[in-house]
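Me: Could you take a close look at one part of this structure for me, the aromatic pairs and the parts of the fold around them? I would like a connected account that I can follow with the model open beside me.

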Amino acid sequence: MKKLCIVKAGSTFADTAERFGDFDEMIACGLGIDRGQVQVINAFLGEDLPAPSACHGIVITGAHCMVTDNLPWSLAIEAWIPTVLAEQVPLLGICYGHQLLGRAMGGRVDYHPQGEEVGTVAVRLRPETAGDPLFNRLPHEFPANVSHAQSVLALPPGAVLLAESDFEPHQAFRLGRCAWGVQFHPEFTLDIARDDILKQADSLAQAGREVSALLQALRETPQASSLLETFAQLAAKGGYL
């Protein structure tokens with residue numbers, strides 16, 4: 001039986017994983033399907049990537065490393081992504097996975113010129129989401145949790161821009177019929193987002209960010225979180241427009 005495959009590109013902070021689960025567990029919880037229908041591939045530990053046809057859907061997780069580090073296992077995922085799109089297997093890239101999807105298909109990834117985006121931000125949908133099955137149930141503007149230093153600075157050819165924020169012009173895009181990238185973290189609850197900020201408090205303060213203001217601005221993000229369950233439903237149906 002085909003499973004929904006979570007390609008794990010890294011682990012979160014050790015004590016965060018102990019409290020809330022690692023990236024793959026956060027995502028699996030949000031998908032809203034039986035855990036027996038989920039397969040986790042620890043790509044960052046060198047586990048072999050599956051044949052796309054063996055999966056009925058694929059999620060690529062976030063990571064604490066950078067796409068531009070060009071780590072061998074990361075380059076392997078990047079080389080594998082075009083085969084997933086060629087076979088039209090529904091794919092969702094989250095944060096690091098979003099960036100890998102963008103670069104694998106011809107976009108440009110690097111550090112955001114204004115630094116790190118972290119905390120809860122307002123994500124705005126663009127008109128192109130009207131016919132998009134992953135985003136068309138969402139309101140025009142909704143809160144989402146973010147934590148990233150790098151971005152897809154230039155979208156790949158043929159990408160459809162779906163969402164933006166004041167800081168990040170490429171919060172979400174689609175490629176082809178059933179591949180999506182989201183720079184925000186739909187798997188982050190308010191408590192996880194708070195923990196993420198506290199773990200980075202020293203570096204954020206050194207960068208001139210007001211940590212207390214970031215913490216006070218945190219919000220529940222049910223609309224962003226709903227994308228995971230919607231993706232699982234779409235993957236079960238083939239994910240097509």
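Reply: Happy to; what follows starts from the aromatic pairs and works outwards to the core, the sheet, the helices and two buried side chains.

Please keep in mind that this is a predicted model. A pair of aromatic rings is described by the distance of the centres and the angle of the planes. Searching the whole structure gives three aromatic pairs, and I will walk you through two, beginning with Phe142 and Phe184. Their ring centres are 6.0 Å apart and the planes stand at 75°; with over 60 degrees counting as edge-to-face, that is the class this pair falls in. Phe142 belongs to strand β7 (residues 141-148), while Phe184 sits in the loop between β11 (179-182) and α5 (190-199), so the contact ties together parts that are 42 residues apart in sequence. Both Phe142 and Phe184 are buried.

The pair of Trp180 and Phe231 is also edge-to-face, because its ring planes meet at 85°, with the centres 6.3 Å apart. Here strand β11 contributes Trp180 and helix α8 (residues 222-236) contributes Phe231, which links parts of the chain 51 residues apart. Trp180 and Phe231 are both buried.

Which residues touch the most other members of the largest nonpolar core? Among its 33 residues, they are Leu92, Phe135, Trp180 and Phe184, so you meet Trp180 from one aromatic pair and Phe184 from the other again. At least two residues of this core come from each of β1 (3-7), α2 (23-31), β4 (91-94), β6 (117-125), β7, β9 (160-164), β11 and α8. Helix α8 gives the largest share, with seven residues. Another core, of 28 residues, lies apart from this one and includes Cys55, Val67, Leu85 and Val152.

Now to the sheet. Strands of a sheet pair through backbone hydrogen bonds, either parallel or antiparallel. In this model, nine strands form an open sheet with mixed pairing, in the order β2-β1-β3-β4-β11-β10-β9-β6-β7. Its edges are β2 (38-41) and β7, each of which pairs on one side only; β7 is also the strand that carries Phe142. From one strand to the next, the twist averages 25°. If you zoom in on β4 and β11, you will find them paired in the parallel sense over four bridges, and Gly93 stands opposite Gly181 in β11.

Two helices that pack on this sheet are worth following next. Helix α3 (residues 72-86) touches β1, β3 (55-60), β4, β10 (172-175) and β11, and its direction makes about 140° with that of β3. Helix α4 (residues 96-104) has contacts with β3, β4, β7, β10 and β11, and its direction lies at about 115° to that of β4.

Going back to the loop that holds Phe184, the helix that follows it is α5. The buried residues of α5 are Leu190, Ile192, Ala193, Asp195, Asp196 and Ile197. They pack against α1 (14-20), α2, β6, β7, α6 (201-206) and α7 (211-216).

Two further residues help to fill in the picture. Thr230 lies in helix α8, the helix that also holds Phe231. Its relative accessible area is 6%, so Thr230 counts as buried. Not counting residues up to four places away in sequence, Thr230 touches Pro133, Leu134 and Arg137.

Glu168 is found in the loop between β9 and β10. Is Glu168 buried or exposed? With a relative accessible area of 1%, Glu168 is buried. Leaving aside neighbours within four places in sequence, Glu168 is in contact with His112, Glu117, His148, Ser151, Val152 and Gln183. One of these, Val152, is a member of the 28-residue core. The C-alpha atom of Glu168 is separated by 9.0 Å from that of Val123, although the two are 45 residues apart along the chain.

Stepping back, the protein chain comes to eight helices and 11 strands. Among its 241 residues, 54% count as buried. For contacts between residues at least 6 apart in sequence, 75% join residues at least 24 apart. The C-alpha trace spans about 45 × 40 × 35 Å along its principal axes. A compact globule with 241 residues would have a radius of gyration near 18 Å, and the 16 Å of this chain agrees with that.

Methods
Residues are numbered from 1 along each chain as its sequence is written. This is a predicted model: local features need pLDDT of at least 70, side-chain atom pairs count only at pLDDT 80 or more; totals for chains, interfaces and linings use all residues. Side-chain values use heavy atoms; hydrogens and water are left out. Rings of Phe, Tyr and Trp (its six-membered ring) pair if their centres lie within 6.5 Å; planes under 30 degrees apart count as stacked, over 60 as edge-to-face and the rest as tilted. Buried means under 20% relative accessible area, exposed over 50%, partly exposed in between (1.4 Å probe, protein chains only). A nonpolar core is a set of buried Ala, Val, Leu, Ile, Met, Phe, Trp, Tyr and Cys residues joined through side-chain atoms within 4.5 Å. Two strands pair if DSSP finds at least two bridges between them. Axes are lines fitted to C-alpha atoms, for helices over the stretch in contact, and angles run from 0 to 180 degrees between N-to-C directions. Contact means heavy atoms within 4.5 Å. The radius of gyration is taken over C-alpha atoms; the globule rule is 2.2 Å times the number of residues to the power 0.38.
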